[in-house]
Amino acid sequence: MKQISKQFAACAALVAACIAAPVMADTIPNASSPGIASKLIVRGTLEGVQVTDLRSQRKNDVMVVQAETVNLTNYDVRIYYRFRWTDAAGMQVGDGEVWKPLMILGQQSQFIKGTAYGPQATDFKIEMSAEPR
């Protein structure tokens, strides 16, 4: 009986250590699925921010994209993003966007949204980078 109690105590201590361990930013993948990852261009690391949802639709014949980003760490992270719009042949549409900053607080999520320049855009990529605050 003492042996079982010792094993149980060891397991409980291991579980507690795993729960209390901080999440390291470099161990968090950039996207929650391979499909989302295929739409991202990441410059450097996202410092613990993960894209968890990605949706696109056409409104008035123009592509609109919305992505949910989640900061899985306890510290604030400033991300920078921009959309790259392409046509059916894979050629860039428009002159390109400027980088947009967005602060994501620890353990919170934010949505980013992009609208294509015109109806010729049929696909996109989201270019992202981040820096800790």
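**Notebook: two sheets and an aromatic cluster**

I began with the strands and found three of them in an open sheet, ordered 2-3-6, with antiparallel pairing. The model I am reading is predicted.

Next I looked for the edges of this sheet. They are strand 2, residues 49-59, and strand 6, residues 109-115. Each of these pairs on one side only. I also checked the turn between neighbours. On average, neighbouring strands here are turned by 15° against each other, with direction ignored.

I then followed strand 2 to its partner. How many bridges join strand 2 to strand 3? I count 10, and strand 3 covers residues 62-71. The two strands run antiparallel. One facing pair went into my notes: D53 stands opposite E68, which belongs to strand 3.

A reminder to myself on what holds such strands: they pair through backbone hydrogen bonds, either parallel or antiparallel.

**Second sheet**

I turned to another open sheet, this one of four strands. Its order is 1-7-4-5, and the pairing is mixed. Which strands form its edges? I noted strand 1 (40-42) and strand 5 (100-104), each pairing on one side only. Neighbouring strands of this sheet are turned by 30° on average, again ignoring direction.

Strand 4 came next, at residues 77-86. Five bridges join strand 4 to strand 5, and the two run antiparallel. Within this pairing, I found V77 opposite I104 of strand 5.

**Aromatic rings**

I searched the whole structure for aromatic pairs and got three. One of them is Y81 with F83, an edge-to-face pair. Their ring centres are 6.2 Å apart, and the planes stand at 90°.

Are these two residues buried or exposed? Y81 has a relative accessible area of 10%, so I log Y81 as buried. F83 comes out at 1% relative accessibility, so F83 is buried too.

I moved on to F83 and W85. Why is this pair called stacked? The ring centres are 5.4 Å apart and the planes meet at 10°, so the pair counts as stacked. The cut-off for stacked is planes under 30 degrees apart. W85 is buried, as is F83.

I then asked which residues make up the aromatic cluster. Y81, F83, W85 and F124 form one cluster.

My last look was at F124. What lies over the face of its ring? I found K39 there, at 4.9 Å from the ring centre.

Technical notes
Residues are numbered from 1 along each chain as its sequence is written. This is a predicted model: local features need pLDDT of at least 70, side-chain atom pairs count only at pLDDT 80 or more; totals for chains, interfaces and linings use all residues. Side-chain values use heavy atoms; hydrogens and water are left out. Rings of Phe, Tyr and Trp (its six-membered ring) pair if their centres lie within 6.5 Å; planes under 30 degrees apart count as stacked, over 60 as edge-to-face and the rest as tilted. Buried means under 20% relative accessible area, exposed over 50%, partly exposed in between (1.4 Å probe, protein chains only). A charge sits over a ring if NZ of Lys or CZ of Arg is within 6 Å of the ring centre and within 35 degrees of the ring normal. Two strands pair if DSSP finds at least two bridges between them. Axes are lines fitted to C-alpha atoms, for helices over the stretch in contact, and angles run from 0 to 180 degrees between N-to-C directions.
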